[in-house]
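Open the structure in your viewer and keep the selection tool ready. This tour goes stop by stop.

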Amino acid sequence: MNVTQPAINELVTMDISDAVARYYEEEKDIKGLRITGTALNGNFSRMGFSKVVFDHCRLSGCDFSNSDFIDVVFDSCDLSGCRFREGYFQRVRFEQVKAVGAGFGESVFKNLGIKESNFSYCSFAKSKFERASITGELHDASFAECQLKSFEFENADLTRADFFKTPLKGQDLRSCRIDGIIVSDSLSELRGAVVDLYQAAALAAKLGIEIK
């Protein structure tokens, strides 16, 4: 699936500390910046980011709750343990990002791309996705009670991922690892999903069905 790419043209390079200081001084969204090579930990909740590239930044443990990200790229960043709860993401791309244990619960995603990244143990619970393409490590991640529209996983490790009460109808999971996937006892979330023979046999075992 081709998701709409962030609309980013010429950017001014700036350290994130200077960008945040300017935000609080001018009370304006952070816009039109390339933020590079920064290690920072802090509270950036309720901020707005527009046409911003985070390039090789280490922001582990930062709080971005209730923030807006529009036309934003995270490139080769460490976002492990960051909090993005109740965020709004439109035309956002994560490339070669480490975001282990980050929290994105109750967020809205429109035109999301996650490529070759590690989002293991992340929580996207109760989020809404409209047009998204995701590859990479997502083992033990939570997509419980999510709404997925025009959404695809490709070559994703979904081992032990939680999809409780998230319909997967129309999802092609054949290129993904789904060992130990968490769904309801009836497997109703998987109704209409596409799996291969080996995946089907593993899922059947959850229902106590033996395939010979």
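A residue counts as buried when its relative accessible area is under 20%. Keep that cut-off in mind for the first stop. One caution before starting: this is a predicted model.

**Stop one: S50.** Select S50. It sits in strand β3, which covers residues 48-55. Is S50 buried or exposed? Its relative accessible area is 17%, so S50 is buried. Now show what surrounds it. Beyond the neighbours within four places in sequence, S50 is in contact with I30, K31 and G32. I70 and D71 also touch S50.

**Stop two: the sheet.** Zoom out from β3 and colour the strands. Eight strands make up an open sheet. Follow them in the order β1-β2-β3-β4-β5-β6-β7-β8. The pairing is parallel. Which strands are at the edges? They are β1, residues 12-13, and β8, residues 147-157. Each of these pairs on one side only.

**Stop three: β7 and β8.** Select residues 128-137 to pick out β7. This strand pairs with β8 in the parallel sense, over eight bridges. For a single example, click I134. Its bridge partner in β8 is F153.

**Stop four: A193.** Leave β8 and move into the loop that lies between β8 and α2, the latter being residues 197-206. Select A193 in this loop. Which residues does A193 contact, leaving aside its neighbours within four places in sequence? They are L168, K169, G170, Q171 and L173. Last, draw a distance from A193 to I182, eleven residues apart along the chain. Their C-alpha atoms are separated by 14 Å.

Terms used
Residues numbered from 1 in each chain as written. Predicted model: local features only at pLDDT ≥ 70, side-chain atom pairs only at ≥ 80, totals over all residues. Heavy atoms only, no water. Pairing = 2+ DSSP bridges. Helix = DSSP H or I, 4+ residues; strand = E, 2+ residues; numbered from the N terminus. Buried < 20%, exposed > 50% of the residue type's maximum accessible area, 1.4 Å probe, protein only. Contact = heavy atoms within 4.5 Å.
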